[in-house]
Amino acid sequence: MNHKLSSKNVDIILILQVKNKNRRFIAKPCALRVGIEDSGPYQAQPNTILEKVFISITKYPDQKRLEGLSKQLDWDVRKIQCWFRHRRNQDKPPTLTKFCESMWRFTFYLCIFCYGIRFLWLSPWFWDTRQCWYNYPLQPLSGGLYYYYIMELAFYWSLMFSQFTDIKRKDFLIMFVHHLATIGLITFSYINNMVRIGTLVLCLHDVSDFLLEAAKLANYAKYQRLCDTLFVIFGAVFMVTRLGIYPFWLLNSTLFESWEIIGPYPSWWLFNGLLLILQLLHIIWSYLIARIAFKALLRGKVSKDDRSDVESSSEEDDETISTKSLSGNSSSNGASWVNGHMGGSCWAEK
């Protein structure tokens, strides 16, 4: 092949530069326009004893511990609860940060999906997956296909690195496995010139991702009805593409059509193994989405997404938790968002 994957390092740097410009010139102005403030959380009053309890023992003290601290500090229980709530909020990313992160992902997913669908619309293998395997491996690599592939690879590498510095996720391990499988599939299919089937897999995943990020943006801007609508659309598209089209169209091609047309090849098992790992993740995420939808039907709106941040950015959530502690409930947090690929934040319950 004429193009080498060694250029991916340059593309990763380019992706990160575009991300920073997106935050500065698009995401932040949009956030300020919809009323998201550029300010950090309220700072808790410095207190050595409470800080030691917070760091070494628990961030969510129960009723017994609250009463003990109240006697030790000569503070009332309510004041100590407020201190812990403010202290927890200090460790949370502000809504502006989460809005900018989702805006970047929304922009990339939407742009790369539009590029991919435009490119694939004119490609014969988009309409007949058997074309992915005819004349394999002697299939030409066009410039448009190359750039589509290398930008996707650079983006997922950037997600892999930023996962350690961005908002903490509850499903860190699942997303780590997802990113590894995705990078492995893109790299492996490129080296083995399986880029035709690879473009179909990439485009199929991108179609629902930008809808998820759009729903998060609506949530951060407190447009609840728009948020609910976008999430319903996202859930429907996700189920159709990940549990319908992906296994019955793409996996059918890689498992059976490839075997029929070109016969077994040494890397067949590894390639399909990675694709099946993705399908397993699709099933897990589909279950979480279905659970959220079921709760939404009961409550009348979308609640916290089970695939989200470890914590919500709103102080009201912590106040609810503290109230539960007074009644003897030591539960610290509810369901929350995650991402990846899906990527995220939680929708606060009112």
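Mentor: Before we start, one cut-off: a residue counts as buried when its relative accessible area is under 20%. Keep in mind too that this is a predicted model.

Trainee: Okay, so is Cys132 buried or exposed?

Mentor: Cys132 counts as buried, because its relative accessibility is 2%.

Trainee: And what about Cys114?

Mentor: Cys114 is partly exposed, with a relative accessible area of 41%.

Trainee: While we're on cysteines, how many disulfides does the structure hold?

Mentor: There are 0 disulfides in the structure. A disulfide is a covalent bond between the sulfur atoms of two cysteines. For Cys114, the closest cysteine sulfur belongs to Cys111 and sits 6.7 Å away, which is too far for a bond. The cut-off to compare that with is 2.5 Å between the sulfur atoms.

Trainee: Let me zoom out. How many helices and strands does the protein chain have?

Mentor: The protein chain has 12 helices and 2 strands. Reading from the N terminus, the order is α-α-α-α-α-α-α-α-α-α-α-α-β-β.

Trainee: What percentage of the protein chain counts as buried?

Mentor: Of its 350 residues, 51% count as buried.

Trainee: Where does helix 4 stand on that, and how many of its residues are buried?

Mentor: In helix 4, 11 of the 14 residues are buried, so the helix is largely enclosed by the rest of the structure. Among the buried ones are Val77, Ile80, Trp83 and Phe84. The list also includes Arg85, Arg87 and Arg88, along with His86 and Asn89.

Trainee: What span should helix 4 have, and how far apart are its end C-alpha atoms?

Mentor: Helix 4 covers residues 77-90, and at 1.5 Å a residue it should span 20 Å. Its end C-alpha atoms are 20 Å apart, which agrees.

Trainee: Same question for helix 8: what should it span?

Mentor: Helix 8, residues 172-191, should span 28 Å for its 20 residues, and its end C-alpha atoms are 28 Å apart, so the two agree. As for burial, the buried residues of helix 8 include Met175, His178, His179, Thr182, Phe188 and Tyr190.

Trainee: What follows helix 8?

Mentor: Helix 8 is followed by Asn193, which has a positive phi. The value is about 60°, although Asn193 is not a glycine.

Trainee: Why is a positive phi worth a remark?

Mentor: Most residues other than glycine have a negative phi. Asn193 lies in the loop between helix 8 and helix 9, and at 6% relative accessibility it counts as buried.

Trainee: What is the phi of Lys222?

Mentor: Phi of Lys222 is near 65°, again a positive value in a residue other than glycine. Lys222 sits in the loop between helix 9 and helix 10. Lys222 is exposed, with a relative accessible area of 69%.

Trainee: Switching to peptide bonds, which one is cis?

Mentor: The bond from Tyr136 to Pro137 is cis, with omega near 5°. Pro137 is in the loop between helix 6 and helix 7.

Trainee: Now packing. At what angle do helix 7 and helix 9 cross?

Mentor: Their axes cross at roughly 55° and come within 11 Å. That makes helix 7 oblique to helix 9. The crossing of these two helices is left-handed.

Trainee: Which residues meet there?

Mentor: From helix 7, the contacts are Leu145, Tyr148, Tyr149, Glu152 and Tyr156. They meet helix 9 residues including Val195, Gly198, Leu202, Cys203 and Asp206. On the spacing within such a list, an α-helix has 3.6 residues a turn, so residues three or four places apart point the same way.

Trainee: And helix 2 with helix 3, what's the angle?

Mentor: The axes of helix 2 and helix 3 come within 11 Å and cross at roughly 160°, and the two helices are therefore roughly antiparallel. Helix 2 passes helix 3 in a right-handed crossing. The contact is made by Ile49, Leu50 and Val53 of helix 2 with Arg65, Leu69, Gln72 and Leu73 of helix 3.

Trainee: Last one: where is Gly35?

Mentor: Gly35 is in the loop between helix 1 and helix 2. Gly35 is exposed, with a relative accessible area of 53%. Its C-alpha is 7.1 Å from that of Ala221, while the two residues are 186 residues apart in sequence.

Conventions. Residues numbered from 1 in each chain as written. Predicted model: local features only at pLDDT ≥ 70, side-chain atom pairs only at ≥ 80, totals over all residues. Heavy atoms only, no water. Helix = DSSP H or I, 4+ residues; strand = E, 2+ residues; numbered from the N terminus. Expected span 1.5 Å × (residues − 1). Buried < 20%, exposed > 50% of the residue type's maximum accessible area, 1.4 Å probe, protein only. Axes fitted to C-alpha atoms, helices over the stretch in contact; angles between N-to-C directions. Parallel < 35°, antiparallel > 145°, perpendicular 65-115°, else oblique. Left-handed = near helix turned anticlockwise from the far one by under 90°. Contact = heavy atoms within 4.5 Å.
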